Amino acid sequence: MSKTIHIGRVTIGGGNPVAIQSMTNTKTSDITTTSAQIAALEKAGCEMVRLSAPDENSARAFKALKSKTNIPLIADVHFDYKLAVLAIENGADKIRINPGNIGDDVKVKAVVDAAKAARIPIRVGVNGGSLEKEILFKYGNSAEGLTASAINNVRRLEKMGFDDIVVSIKSSSVKKTIDANRKLAEAVEYPIHIGVTEAGTYENALVKSSAALAPLLLEGIGDTIRVSISGDPVREIFAAKKILNLIGLRKFGVEIIACPTCARTDIDVEKLANDIEMALIDFEKPLTVAVMGCAVNGPGEAKEADIGVAGGNGEGLIFVHGEKVLKVRETDLLETLIQYIRENF
Ligand code: SF4
C-alpha cells in the first residue's frame with residue numbers, strides 16, 4: 001500500500017479513495033475566469049485542480065485563487081525554480097515539477113526547502129517529452145526510460161531529506177503508460193498519479209484513458225487520476241467518475257446501461273438514455289438505470305439494474321429489478337421515470 005500524503009483537505013495513498021483531478025485551461029493570472037473554472041470543476045466532482053504557473057503573475061495568483069476556493073490547488077511549474085518557490089509562498093497546496101528540467105541540485109533544493117517549510121508535497125512528474133539526455137541515450141523514450149527518470153528524480157528529493165512525494169509518469173501511449181506505472185509501483189512506496197497525456201479529443205481520450213487506467217487501477221496502482229481531454233476540463237471529471245464507477249472503485253450517482261438496439265427496437269434508445277443521464281446529473285445516490293429497446297426481452301435482460309424502462313408500440317414499461325411496476329405512454333416515459341426515481345430511490 002502506498003504512503004499517505006496530504007494535499008490540502010484531500011488525503012491520498014494508504015488505501016484512501018482514488019482522487020479525481022483536472023487542470024484548468026484558462027490563464028492562471030486571470031483570477032475571475034480561473035476561479036469560475038475551478039468552481040465549475042468542483043461542482044462536477046473534481047477533488048483537486050492543477051494550474052500552470054508559467055510566469056510570475058500566475059505564481060502570485062495562487063493567493064487570490066486560494067481565497068476563493070477550498071479545493072486543493074496544485075501549481076505546475078517547468079524550468080524555473082523561482083516560479084515554483086513563488087507559487088508555494090502564495091499558498092499552492094502541492095507543486096508539480098520535473099526535477100530533471102528544473103536544473104541543478106541548488107535549484108531543486110530551493111523548491112524542496114520551500115515545500116518543506118510550507119508542509120506541502122511535491123509531485124515528481126515525468127513525461128516522454130522531457131526525459132533527460134542520459135536517460136534517452138540509455139533507454140530511449142521507452143517505459144524503462146520513463147520509470148528510470150522518475151525513480152532517479154524521486155531519489156534526488158530523498159537525498160535532500162524530502163519524502164512528501166507523489167510520482168507520475170505520463171505518456172500518450174497506452175502500453176507505455178501501463179508498463180511504466182507497473183514498474184514504478186514496484187520501485188516506490190509513494191502515491192502515484194496516473195493518466196494518459198495528450199489523450200486527444202473526447203472520444204479518443206475516453207477510449208485511451210479507459211484502456212490505460214482501468215488495468216492499473218484494478219491492480220491497485222493509482223491514487224489520483226486525470227482523464228486528459230482537449231477542451232472543457234469539466235468533461236474530464238465526468239469521464240473520471242465514469243471510469244471509477246464502472247470498475248467499482250468508487251460510486252458516483254447514476255450509471256446508465258442501454259441495450260445496443262436491434263430489429264425489435266421500438267423506441268429511440270440513444271436519445272432516451274441521454275435524456276435520462278442529463279435529467280439525473282445531480283442525483284448523488286448510486287443507481288443503475290437500464291434503457292431497453294423492447295418490452296419482450298428488455299426487462300429480463302436488465303434484471304441487474306435497479307430500475308429500467310423498455311419501449312414498445314407507443315407505450316413504455318418501467319420496471320424495478322426486472323419486475324414491471326408501471327405502464328405509461330411513450331411520450332410520458334422520461335418524466336414518469338424521473339419522478340419515480342426521485343420518489344423511490
Ligand atoms: S432489449 Fe430488445 S431491442 Fe434491445 S437489443 Fe435486446 S431484444 Fe433488441
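Trainee: In the pair of strands that includes strand 14, which residue stands opposite glutamate 315?

Mentor: Glycine 312 stands opposite glutamate 315 of strand 14; please keep in mind throughout that this is a predicted model.

Trainee: What makes strand 13 and strand 14 a pair?

Mentor: Pairing requires at least two bridges, and six bridges join strand 13, residues 307-312, to strand 14, residues 315-320, with the two running antiparallel. The requirement is therefore met by these strands.

Trainee: What surrounds this pair, and why is the sheet called open?

Mentor: Five strands form the sheet in the order 11-12-13-14-15, with mixed pairing. Strand 11 (254-258) and strand 15 (323-329) are its edges, and since each has a single partner strand, one side of each is left without a neighbour in the sheet. From one strand to the next, the twist averages 20 degrees. Helix 11, residues 269-279, packs on this sheet, where it touches strand 11, strand 12 (287-292) and strand 13, and its direction makes about 175 degrees with that of strand 11. Angles over 145 degrees count as roughly antiparallel, so helix 11 is roughly antiparallel to strand 11.

Trainee: How do the eight strands of the other sheet close, and in which sense do they pair?

Mentor: Those eight strands close into a barrel in the order 3-4-5-6-7-8-9-10, and the pairing is parallel. Direction ignored, neighbouring strands of this sheet are turned by 25 degrees against each other on average. As an example, strand 6 (residues 94-97) and strand 7 (residues 122-127) are joined in the parallel sense over three bridges, and isoleucine 97 has valine 124 in strand 7 as its bridge partner.

Trainee: How do you know whether helix 8 and helix 9 are roughly parallel or roughly antiparallel?

Mentor: The axes of helix 8 (residues 174-187) and helix 9 (residues 202-218) come within 9 Å and cross at roughly 20 degrees. Angles under 35 degrees count as roughly parallel, and that makes helix 8 roughly parallel to helix 9. Their crossing is right-handed. On the helix 8 side the contact is made by Val174, Thr177, Ile178 and Asn181, which meet Lys208, Ala211, Ala212, Pro215 and Leu216 in helix 9; by class, these residues divide into six nonpolar, two polar and one charged.

Trainee: What makes a residue part of the shell around the ligand, and which residues surround the ligand here?

Mentor: The cut-off is a C-beta atom within 6 Å, and the residues surrounding the ligand include Cys259, Cys262, Arg264, Met292, Cys294 and Glu301. The whole shell divides into five nonpolar, five polar and two charged residues.

Terms used: Residues numbered from 1 in each chain as written. Predicted model: local features only at pLDDT ≥ 70, side-chain atom pairs only at ≥ 80, totals over all residues. Nonpolar A, V, L, I, M, F, W, Y, C, P; charged D, E, K, R; others polar. Helix = DSSP H or I, 4+ residues; strand = E, 2+ residues; numbered from the N terminus. Axes fitted to C-alpha atoms, helices over the stretch in contact; angles between N-to-C directions. Contact = placed C-beta atoms within 7 Å. Parallel < 35°, antiparallel > 145°, perpendicular 65-115°, else oblique. Left-handed = near helix turned anticlockwise from the far one by under 90°.
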